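Trainee: I would like to take a close look at one part of this model and then see how that part sits within the rest of the chain. Please go through it step by step, in connected prose.

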Amino acid sequence: MTIKLVIPSPTIEPGKSKFQLVSREADSIPEALKLMRSDVDKDLDMGHCKIVILNSELGQENFPETLYWFIRRHDVQRIEYIALAEPSAKALLELSPKSERLAANSLFLIFGQEGTETPLIVTVYMYDFYSRMLEKGKDPYLPIITIREEAYEINRVALFNKEKIVMTLSTEETGIFSQLVRKQSQLVIKASEGGLNYVLSVEDYDHKYYISESNPHNPQINMDVTIKAVAEESNQPLFDKDWTKLEEIAEKQIKDRYLTLFEQMKRNEVDPIGFGLRYIATHHNGEKDWEKWNQIYPKVKFNVKINVILKGTGVIK
């Protein structure tokens with residue numbers, strides 16, 4: 001266990017943040033914390049803890065046991081951010097980016113969506129993650145933090161069942177996932193056909209879905225996605241082209257990406273979107289509905305309808 005302690009300074013300048021790392025190895029978190037108290041001259045108040053970073057290898061084990069201490073501890077607020085680290089949490093804490101004005105402040109700005117806003121960074125709070133561990137029909141997930149060229153790189157997400165990581169999303173899949181769970185816009189979408197390549201910047205995003213059981217042998221999840229975007233980049237002039245055709249090209253390619261992600265989640269028996277929670281919330285037979293959903297999900301068919309509205313090509317004729 002490693003704790004990063006901020007050292008107050010009368011001057012605040014980029015790259016001048018001061019901190020102290022205290023590390024101890026023990027059989028349990030309370031024991032490690034007890035040993036740490038003898039290494040510092042001030043009391044460790046866990047109520048000031050703002051982020052918990054866990055080694056990604058812990059996600060391959062019985063993960064809930066790692067979190068019990070944070071949930072049971074009386075002075076932990078459970079509103080701290082939580083994330084996974086590759087290769088190790090300690091290596092991340094040792095890093096001090098040059099732009100950082102206060103120790104670990106970069107991570108607070110990133111996950112608080114105050115310093116930067118991007119759908120590739122998925123924020124998870126401790127209380128939300130733990131509730132998903134217990135909630136039927138809604139599985140947990142965590143962002144993955146790595147180090148690249150003395151800076152943090154956060155653009156992937158790990159999906160859990162109730163015990164461990166079952167799949168890791170790529171950067172492109174993370175963007176789609178963020179739209180599904182947070183309805184995040186500001187995503188950049190690439191589309192191409194023939195020699196035409198263009199990039200759409202999403203300005204507005206929304207989706208809605210319903211679960212159909214009209215055919216008991218062929219259950220379906222029907223989702224409608226609306227994306228309003230402008231063309232940010234293209235290798236050919238777009239203003240005089242048929243915008244409807246450009247929208248259709250993007251719709252087909254976005255649909256394929258959504259279906260691929262849904263099928264992967266279904267194959268790995270994980271449901272972070274909350275389809276199962278929606279199902280049991282709209283039925284009224286209690287535990288029987290949950291048992292029925294577990295039979296439905298492996299054979300459900302996803303139907304995705306994408307509606308892309310091109311608001312502009314980024315240039316004036």
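Which residue's side chain meets that of Lys-292 in a salt bridge, and what is the N to O distance in Å?

Mentor: The partner is Glu-213, whose side chain meets that of Lys-292 in a salt bridge with an N to O distance of 3.5 Å. Lys-292 belongs to helix 9, residues 287–296, whereas Glu-213 sits in the loop between strand 9 and strand 10 (220–234), so that the pair links distant parts of the chain, 79 residues apart. Both ends have some access to the surface: Lys-292 is partly exposed because its relative accessible area is 40%, and Glu-213 falls into the partly exposed class as well, since its value is 27%.

Keep in mind that this is a predicted model. The mean pLDDT of the protein chain is 88, with 97% of the residues scoring at least 70. The mean differs between elements, being lowest for helix 2, at 80, and highest for helix 8 (residues 275–281), at 95. Where pLDDT is low, the predicted coordinates should not be read in detail.

The link you asked about can be set beside others, for a search of the whole structure finds 15 salt bridges. In one of them Asp-206 is joined to Lys-183, with the closest N and O atoms 3.0 Å apart. Asp-206 lies in strand 9 (residues 196–212) and Lys-183 in the loop between helix 6 and strand 8 (188–193), so this salt bridge ties together parts that are 23 residues apart in sequence. Asp-206 is partly exposed because 40% of its area is accessible in relative terms, and Lys-183, with 41%, is therefore partly exposed too. A further salt bridge brings together the side chains of Glu-153 and Arg-148, at 2.8 Å from N to O. With a relative accessibility of 24%, Glu-153 counts as partly exposed, and a relative accessible area of 46% puts Arg-148 into the partly exposed class.

From Lys-183 the view can move back to helix 6 and to the sheet it packs on. This open sheet consists of 5 strands in the order 3-4-5-6-7, with mixed pairing. Its edges are strand 3 and strand 7 (165–168), each of which pairs on one side only. On average, and with direction ignored, neighbouring strands of the sheet are turned by 40° against each other. At the strand 7 edge, 3 bridges join that strand to strand 6 (residues 152–160), and the two run antiparallel; Ala-158 stands opposite Thr-168 of strand 7. Helix 5, residues 126–134, lies across strand 3, strand 4 (81–85), strand 5 (141–147) and strand 6, and runs at about 130° to strand 5. Helix 6, residues 171–182, also packs on the sheet, where it touches strand 5, strand 6 and strand 7, and its direction makes about 65° with that of strand 6.

Helix 6 has a helical partner as well, since the axes of helix 6 and helix 7 (residues 243–267) come within 10 Å and cross at roughly 85°. The two helices are therefore roughly perpendicular to each other. Among the helix 6 residues that take part in this contact are Ile-176, Phe-177 and Leu-180, while helix 7 contributes residues including Tyr-258, Leu-261 and Phe-262.

Two loop residues give a contrast with the partly exposed residues of the salt bridges. Ser-56 is in the loop between strand 3 (51–55) and helix 2 (64–72), and it counts as buried because its relative accessibility is 16%, where the limit is under 20%. Setting aside residues up to four places away in sequence, Ser-56 touches Leu-84, Ala-85, Glu-86 and Ile-165. Val-76 is found in the loop between helix 2 and strand 4, and with a relative accessible area of 3% it is buried. Its contacts, again without residues up to four places away in sequence, are Met-46, Trp-69 and Phe-70, and its C-alpha atom is separated by 9.6 Å from that of Lys-50, 26 residues apart along the chain.

Seen as a whole, the protein chain holds 9 helices and 11 strands, and its C-alpha atoms fill a box of roughly 70 × 60 × 25 Å along the principal axes. Of its 317 residues, 45% count as buried. Among contacts between residues at least 6 apart in sequence, 67% join residues at least 24 apart.

Notes. Residues are numbered from 1 along each chain as its sequence is written. Side-chain values use heavy atoms; hydrogens and water are left out. Helices (H or I, at least four residues) and strands (E, at least two) are DSSP runs, numbered from the N terminus. Buried means under 20% relative accessible area, exposed over 50%, partly exposed in between (1.4 Å probe, protein chains only). Contact means heavy atoms within 4.5 Å. Two strands pair if DSSP finds at least two bridges between them. Axes are lines fitted to C-alpha atoms, for helices over the stretch in contact, and angles run from 0 to 180 degrees between N-to-C directions. pLDDT is the predictor's confidence in each residue, from 0 to 100. A salt bridge is a side-chain nitrogen of Lys or Arg within 4 Å of a carboxyl oxygen of Asp or Glu. Angles under 35 degrees count as roughly parallel, over 145 as roughly antiparallel, 65 to 115 as roughly perpendicular and the rest as oblique.
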